[in-house]
Amino acid sequence: AREVHLLIPLPLLIPCLARCGASFDELYKALKIDLNADANCAWHIQRNENQTIRLIFSYFEFAPSSSCETESIKVYDGSSTNSPLLGQVCNDTDAIPVFQSSSDSLTFVITTNSEDFERSFFVYYYFESEIRNCGGQLTGPNGTLTSPNYPAPYPEFAYCVWHIEAPKNSKIQLEFQDFFLELDLNCRFDFIAVYDGPTTDTGLIGKVCGRSQPTFESSSNVMTVVLSTDYANSYRGFSAYYTSSPLPTLLTCSSDSMTIVLNKTYLASLGYNETHVRLNDPSCSPVITDPVIFSFPLASCGTIKKDDGHSITYTNIISLSATGNIITRQKSIQIIVKCIMENNSTLEVVYITKDNIIHKTIALGRYNVSMSFYDSDSFSEPIQQSPYYVDLNQTLFTQVSLHSTDPNLLVFIDTCVASPEPDFGSLTYDLIRSGCNKDDTVETYPLLEHYARFKFNAFKFLQSFASVYLQCDILICDSNITNSRCTQGCISRRKRDISSYLWKTNTVVGPIRVKRDFRSADHSACVVTPTVLTVLTFMEPKASPKQSTLCHMFQVSQLRKK
């Protein structure tokens with residue numbers, strides 16, 4: 001006899017059939033929304049819970065011919081459409097959209113065009129709660145992952161994210177050995193979503209639920225797995241195992257260039273050799289032909305750049321096609337190469353298309369960003385001596401530099417904090433926070449391509465702390481996007497991001513000491529280049545009464561205990 005499982009949704013799971021717009025204050029709710037042409041409907045969620053809201057669009061169907069300009073879902077971080085925009089869902093969204101508010105209110109608006117078509121959406125929300133043993137980081141060539149409480153029923157309101165990273169130049173095979181989630185034709189309630197890459201923003205490979213043993217394969221050494229559950233009908237969950245295997249095509253991306261390596265044996269297996277290989281710009285030739293290696297600046301050789309708000313992608317295409325003949329019986333092949341700038345790193349993707357079959361590879365790199373002090377506001381002469389001795393209240397000129405061949409990028413200083421401890425785990429003092437100047441002496445300079453600049457007056461911490469460390473978070477944007485985060489400047493209230501990957505990097509600079517300590521300091525100072533990332537240090541001297549008064553002038557309310 002074979003074991004049979006019947007998955008019957010309970011009445012509790014029947015969602016509310018929503019009209020065009022409404023306001024809700026329940027702790028959680030599921031909505032089935034059906035709309036036709038020319039709709040413009042807003043839903044508001046607000047409850048005095050002092051908790052954030054998670055909103056999940058587990059199913060959406062727009063009119064087939066619609067675009068983001070004509071039909072969309074827009075989600076706002078607050079009680080009205082005047083609140084900051086968290087994001088947008090469109091017909092071409094390649095993900096299961098999940099949004100998280102920064103407070104206890106949230107608004108979303110659905111707009112449709114004039115096409116006669118019945119749109120359908122399923123969305124549910126809940127006020128966030130913490131789930132233990134939920135998600136995590138997995139590294140290495142193989143490993144296992146299970147749902148929380150497995151094999152006991154998984155918890156309600158779980159949103160677990162596993163980031164898998166295998167060795168460079170490999171791809172991941174994920175196999176679910178045991179899989180038992182709530183059954184639904186469109187997997188609207190409880191589901192597993194698997195993404196080809198390090199984020200949940202794009203690259204959805206598949207969404208599954210019910211009883212099965214699904215398998216997935218990434219195009220790269222990076223894969224993301226999500227478990228999302230609602231408020232009822234929990235089952236055993238899942239147990240999965242992943243392995244990795246080598247890739248036939250290697251890709252490396254940096255801030256300056258991309259490099260593609262094609263093995264001649266691999267080309268021969270496709271029926272081609274090095275004479276059949278072309279980039280978007282055919283005048284760009286391989287630098288080496290055995291193996292076939294292309295290496296070129298990011299903004300050259302016909303490379304196309306796109307900013308989707310979360311990342312900047314540089315795309316080129318290697319075409320394999322026969323030459324010198326009137327006819328051919330060989331299939332044309334395209335290798336679509338993508339460098340995606342993400343989270344203090346570069347994500348590299350290769351798509352290989354052959355008769356509409358797409359294969360991909362992904363690896364990780366890094367932005368090249370540095371920070372240095374300069375001797376004046378001309379920013380022409382960097383301070384190369386370390387330690388850098390200064391006077392208390394002296395103006396310090398600081399520059400962040402992005403080293404990239406792409407001229408159409410902007411660098412923005414999002415946050416800079418100081419601390420008397422190098423781990424930033426005790427007292428901290430904000431110089432800049434969310435693009436806003438928090439210290440009265442801070443002045444930022446206008447954006448200048450690959451450079452971000454600011455100045456402030458040197459200070460020291462009270463209570464006999466000997467050192468000060470400075471750490472800055474840096475954002476990088478496409479200068480052709482007029483409303484990017486880099487051009488928005490100071491934002492006092494910001495979106496909380498539910499993904500572990502943000503498009504920013506972190507850098508530090510220093511050391512620096514007050515000149516009074518020069519005679520007693522160790523004179524074994526070293527000379528460093530401006531591109532070396534070091535630590536900013538302010539040494540505390542023995543203060544005279546006049547100096548103590550000056551120090552107290554800098555003790556403001558922003559000094560806080562974490």
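# Reading a sheet and its core

Among contacts in this predicted model between residues at least 6 apart in sequence, 73% join residues at least 24 apart.

User: Which elements of secondary structure does the protein have, and how many?

Analyst: The protein contains three helices and 43 strands. Of its 562 residues, 50% count as buried. The exposed surface comes to about 25,900 Å², and carbon and sulfur atoms supply 49% of it.

User: How should I read a sheet, and in what order do the strands of the sheet with E20 lie?

Analyst: One begins with the order of the strands and then turns to the edges. Here four strands make an open sheet, arranged E20-E21-E24-E23, with antiparallel pairing. Strand E20 (249-253) and strand E23 (288-289) are the edge strands, each of which pairs on one side only.

User: How many bridges join strand E21 to strand E24?

Analyst: Strand E21 (residues 257-262) is joined to strand E24 (residues 292-297) by six bridges, and the two run antiparallel. Individual partners show how the strands are aligned. Ser-257 has Pro-297 in E24 as its bridge partner, and Thr-259 stands opposite Ser-295 in E24.

User: What do E23 and E24 form?

Analyst: E23 and E24 form a hairpin, with two residues between them. Their antiparallel pairing extends over two bridges. Thr-289 stands opposite Val-292 in E24.

User: Where do side chains point along a strand?

Analyst: In a regular strand, side chains alternate between the two faces of the sheet. With that in mind, we may turn to the nonpolar cores.

User: Which residues have the most contacts inside the largest nonpolar core?

Analyst: That core has 53 residues, and those with the most contacts inside it are Met-258, Ile-260, Ile-318, Leu-320 and Leu-431. At least three residues of this core come from each of domain 3 (249-365) and domain 4 (368-490 + 502-514). Apart from it lies another core, of 44 residues, including Tyr-159, Phe-179, Leu-181 and Phe-191.

User: With which residues is Met-258 in contact, leaving aside its neighbours within four places in sequence?

Analyst: Met-258 is in contact with Leu-251, Thr-252 and Cys-253, and also with Phe-294, Ser-295, Phe-296 and Leu-298. The remaining contacts of Met-258 on this reckoning are Thr-303, Tyr-314, Val-337 and Cys-339.

User: How are the sheet and the core to be read together?

Analyst: One may follow a single residue through both. Strand E21 covers residues 257-262, and Met-258 is among the residues with the most contacts inside the largest nonpolar core.

Technical notes: Residues are numbered from 1 along each chain as its sequence is written. This is a predicted model: local features need pLDDT of at least 70, side-chain atom pairs count only at pLDDT 80 or more; totals for chains, interfaces and linings use all residues. Side-chain values use heavy atoms; hydrogens and water are left out. Two strands pair if DSSP finds at least two bridges between them. A nonpolar core is a set of buried Ala, Val, Leu, Ile, Met, Phe, Trp, Tyr and Cys residues joined through side-chain atoms within 4.5 Å. Buried means under 20% relative accessible area, exposed over 50%, partly exposed in between (1.4 Å probe, protein chains only). Domain bounds come from an automatic or database domain assignment. Contact means heavy atoms within 4.5 Å. Accessible areas come from the Shrake-Rupley method with a 1.4 Å probe; for residues, only the protein chains shown count as cover.
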